[in-house]
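Visitor: I would like a close look at the aromatic residues, and at the parts of the chain that surround them. Please take me through them one by one, with the reasoning where there is some.

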Amino acid sequence: MSQWRGRLEENPELERAVDWLDEYYHLVLGALLLGFMLWNRVRPAENFVVDGEIMFSGNDPWYHYRTTVYTVQNWPATMPFDPWTYFPKGTSSGQFGTLYDQIMATAALVVGLGSPSAETIKTVMLYTPPVFALAVAVVAYFIGKRVGGRAGGVVTVAVVALAADRFLWNGMVGSTDHHIAETLFQALGVLGVMVAVSVAQRDKPVYEQFRDREIDALRETVGWSVLAGFAVVLYLWTWPPGVLLLGILGVYFLLQLTVEFVRGESPEHTAIAGAITMATAGTLILPAFQTLQLTATDFSLLHPLLSYGVAAGCVFMAWLAREFERRDADRFLYPVTVGGILVVGAGLLAVVLPDVFGYLANNVNRVVGMDTQGRTLTVAEAQPLDAQALFPFYGFSAFVAAVGAVLVLGRQVTGRVRSESLLLVVWLAFVTAATFTQQRFGYYMTVPIAAMTGYVVADVFGWIAADVREDGVQTYQAITVIATLLVVFAPMVAVSPATSIQGFDSPGDGIQGWSDGLEWFDQNVPAEGQYGGANNSMDYYGTYDARDDFDYESGQYGVMSWWDYGHWITVQGEAIPNANPFQQGATMAANYLLAPNETQANDVLQQIDEDDAETRYVAVDWQMVGTSRGGKFGAPPQFYNATVDEDETPGPYTRRISYPIGENRNGVFVQHRQAYYETQMVRLYQFHGSAAQPQPVVVDWELTEDQRGRSVRTIPEDGRTIRSFDSMQEARQYVQEDGTAAIGGIGGVPSERVPALEHYRLVGASEQSATQSTQYNLGKLYETYGIYGSAGTTSAQNASQCPTDVTVPSQNGGVICLNEQAEQGLTGTSPQWVKFFERVPGATVEGTGPENATVTARVEMNDPAANDTFVYTQRAQTDDQGNFEMTLPYSTTGYGEYGTEEGYTNVSVRANTSYQFSANTAGENGTPQIWYGTADVTEGQVVGENDTPVTVELNSSTIRQQDASEDGNETIGNTTGTNGTTTESGDGTANETDGTSDGETTATETANSVDVPVAPRR
């Protein structure tokens, strides 16, 4: 050590350099780390510009765009109420239109010189998350510095910069959600309280100083405490549900005051800082007050009551401590007394105000109770965190932080650590519990883990520095320093480096698929308020007074879809969704989308529609009906509530059949039950509202026992999960004899006939196909392996070498081709990303034909988005007089008369033919007879502008002898036959027995097969 000092004295320049480095090393390292953070988070920015349009990732950023634009136009006011979502009620923006949006709006106004364009606003919002992430790192430095000095601060910033967790993802360019702002202002609030408490500990204010107005002595304590309260309320202004921070501070002050008194100190100083801080927060939150209800989603009574409650608690505990001292009571009875008062108070609250107690208890359990279940599990970010994710996220830092927490708790007892350090432990404990309950809160964990890691590392460095001052630098000390740094940072760099941003470096193909479809929707449906020719236009960025239930006017309409897509429909489609990502309308949407028949689906809408404003459109994408990789079909059943003449939840919808995909690994093939095909959303997406028929395809499995002795379905020994037969009769016979098989259930092949919808028609779709999604293709690949085994696929170097268009990227850089057999039956209709359906009155058809016969109506429709056609089919039964009636949703003529200017949809899906009506009967001597007729249906008749019924008369002719009595020559739906005929398959009897505990499904149908000539559309 002395030799080193001697060399420095011999070289003044080197000595000055070392002194400068010792003085400013934290600034140099901090700047480098901040530079890395910024570069890492903005480098994929160009990926968020798609076809010249800036796109955000996820759902919530799009609604932030809406509320930010509103604030730009009405600065500094935020949107009080929004009727452009949650039809037919509207909603208060709650977590949106808060401080976060005001900051972005202000930045956009500055950049745009007072009049920013939409592109300017989007650009500012695009880069906001990385800027906020850097601000978080700066706040984290000061937190780390308070507990570990400059070295602790630098280590804290390094952990924040290198963590590959949700904080990284939420700080990426384009991830313009409020999560990153939550992280910043929560950390700032904690920092403010740490400063206020430390100042109070230094100045030691007491009650008498307030009584005697000793302003100079109280100035700094009061000033910093007020600033701390302001910092806390900044967090609440950003995210109203942030009452979690109030709970954290309440628990901290409870523990800190108790510990201080037990170890012989006065808790009054800390209590004064706590009371002023929390009272300030409660007072500043009052101007944002929105409702008298107890709710965390809006600014309510809950926020000031909790703030003032913690403040009062601090005052009470300080008074109680004085009473203990005056009575010379045993200090160890103090925590018992405080705990007893809390228990009695909770008991009284449960008895006197059970609803309030239940609300508080439920929310505590939901946020930090690590008991996530039910509907919450359908939200990706609300899934509980797997403990195995800690190491990839933080390396050993999480474990080092745990060690630091134990050290702080131990040193708190002896008073060898500053009071503010306990706040860091309480904060870490709460956000860890919250993250293990809902992984979305993982962005909160980063700063306390980093700061506590900085505390431990600084502690080690301090111990070494003390020895260095005594004995000079020893080898073991250098090794200790290097080893400490390697333990903390090497895993973070090597195991899961922060530069691994794949998956968060683009807006994702979901919004791109929907944006494509919503562009069509926006241009081809009437504006809100103009449906049906009404003239009640709505101001898209208008100011509306808050109310519980908005009164919509005629011509204003809702768009039904799953709640995930509500913000996209509002912003990209400029329409009003029935459900949104606030989960408003989720139960209603589930009831509709899962309705097992059209009557029940319509009843759901009739319960919510207003007299003069109705739900007019339905949007369904491939994920909503998907049950394999990337699919969301499993979510709506969690929200389904049988409120419409339905005693039981429909389903089960699927069977799971496992198959080996490698050593000790199994894949799962999902087979669809009949209940799946009868849901409203599947009937729309898969069949476009047409009737669908079973076909002689059987899904086979075997029952085996797993390691726990449970009965599970696995593929048969011969590997043939799917079996095709020449007739339905043969298929049903196989199912009956096998016992563990079922007809259909793959792709668009139901087990039984699915009847047609009468009031819904496909009007348009996105040009982007679901096959452009890696998740969709991987799902089909797994399904293919499960059905066909590896024989259903081949490998190729590139897609051009595949015999089909269905390909999946392989791990070796090539592609996997699904062969012709494997591709067959995977989808019922062309899998466009999203499809839009219109709810229409439908055209009434009155016809005559043979008595007591089945009449089938067919029309071939063209879908230009898919460059494909499909056949809509519907059946009706004639009475004893040969009369029949049906309602048809698709028109064949008159499209130009009812476009958007007239208040109707400019439909893209149009007919190639007139409707063909046919029936099949037995004539004399059993000779088959076909009854046939054609008719056109005008657009005016479908949309209800023309009440004149369509009339059709079926005429008979004798055709060649057919074996029409054979039970089961069927194909799915309708196919084009030879010589210009259209063949509609009949129905067949399907008897399936699962053979397991989930029951049996039986259906009986009657076979019929007819050929009719195709009439071109007139």
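Guide: Let us begin with a charge and a ring: in this predicted model, the charged end of Arg 713 sits over the ring of Trp 701, 6.0 Å from its centre. A second case involves Arg 66, whose charged end lies over the ring of Tyr 540 at 4.4 Å from the ring centre.

Tyr 540 also takes part in a ring pair, and here the geometry can be followed step by step. The ring centres of Tyr 540 and Tyr 541 are 4.8 Å apart and their planes stand at 75°, so the pair is classed as edge-to-face, since planes over 60 degrees apart fall in that class. Tyr 540 has a relative accessible area of 11% and is buried, and Tyr 541, with 18%, is buried as well, the cut-off being under 20%.

Altogether, the count of aromatic pairs comes to 57. One of them joins Phe 96 and Phe 582, whose ring centres are 5.3 Å apart with planes at 50°, so this pair is tilted. Phe 96 belongs to the loop between α3 (60–73) and α4 (99–111), while Phe 582 belongs to the loop between β4 (576–577) and α22 (586–593), so the pair ties together parts that lie 486 residues apart in sequence. Phe 96 counts as buried, at 1% relative accessibility, whereas Phe 582, at 23%, is partly exposed.

Ring pairs also build a cluster, whose members include Trp 514, Tyr 557, Tyr 617, Phe 836 and Tyr 904. Two of these names return in the strands. Strand β5 (residues 614–621) has 6 of its 8 residues buried; it is joined to strand β3 (residues 557–560) by 4 bridges, in parallel, and to strand β17 (residues 834–839) by 5 bridges, in antiparallel fashion. Across the first pairing, Val 559 stands opposite Tyr 617 of β5, and across the second, Ala 619 stands opposite Phe 836 of β17.

Aromatic residues figure in the nonpolar cores too. The largest core has 245 residues, and those that touch the most other members are Ile 143, Trp 562, Tyr 592 and Phe 917. Helix α5 (residues 118–162) supplies the largest share of this core, 22 residues. Beyond its neighbours up to four places away in sequence, Ile 143 touches Trp 427, along with others including Ala 187, Leu 191 and Met 194. Apart from this core lies another, of 11 residues, among them Phe 669 and Val 697.

As for confidence, the chain has a mean pLDDT of 84, with 83% of its residues at 70 or more.

Conventions
Residues are numbered from 1 along each chain as its sequence is written. This is a predicted model: local features need pLDDT of at least 70, side-chain atom pairs count only at pLDDT 80 or more; totals for chains, interfaces and linings use all residues. Side-chain values use heavy atoms; hydrogens and water are left out. pLDDT is the predictor's confidence in each residue, from 0 to 100. A nonpolar core is a set of buried Ala, Val, Leu, Ile, Met, Phe, Trp, Tyr and Cys residues joined through side-chain atoms within 4.5 Å. Buried means under 20% relative accessible area, exposed over 50%, partly exposed in between (1.4 Å probe, protein chains only). Helices (H or I, at least four residues) and strands (E, at least two) are DSSP runs, numbered from the N terminus. Contact means heavy atoms within 4.5 Å. Two strands pair if DSSP finds at least two bridges between them. Rings of Phe, Tyr and Trp (its six-membered ring) pair if their centres lie within 6.5 Å; planes under 30 degrees apart count as stacked, over 60 as edge-to-face and the rest as tilted. A charge sits over a ring if NZ of Lys or CZ of Arg is within 6 Å of the ring centre and within 35 degrees of the ring normal.
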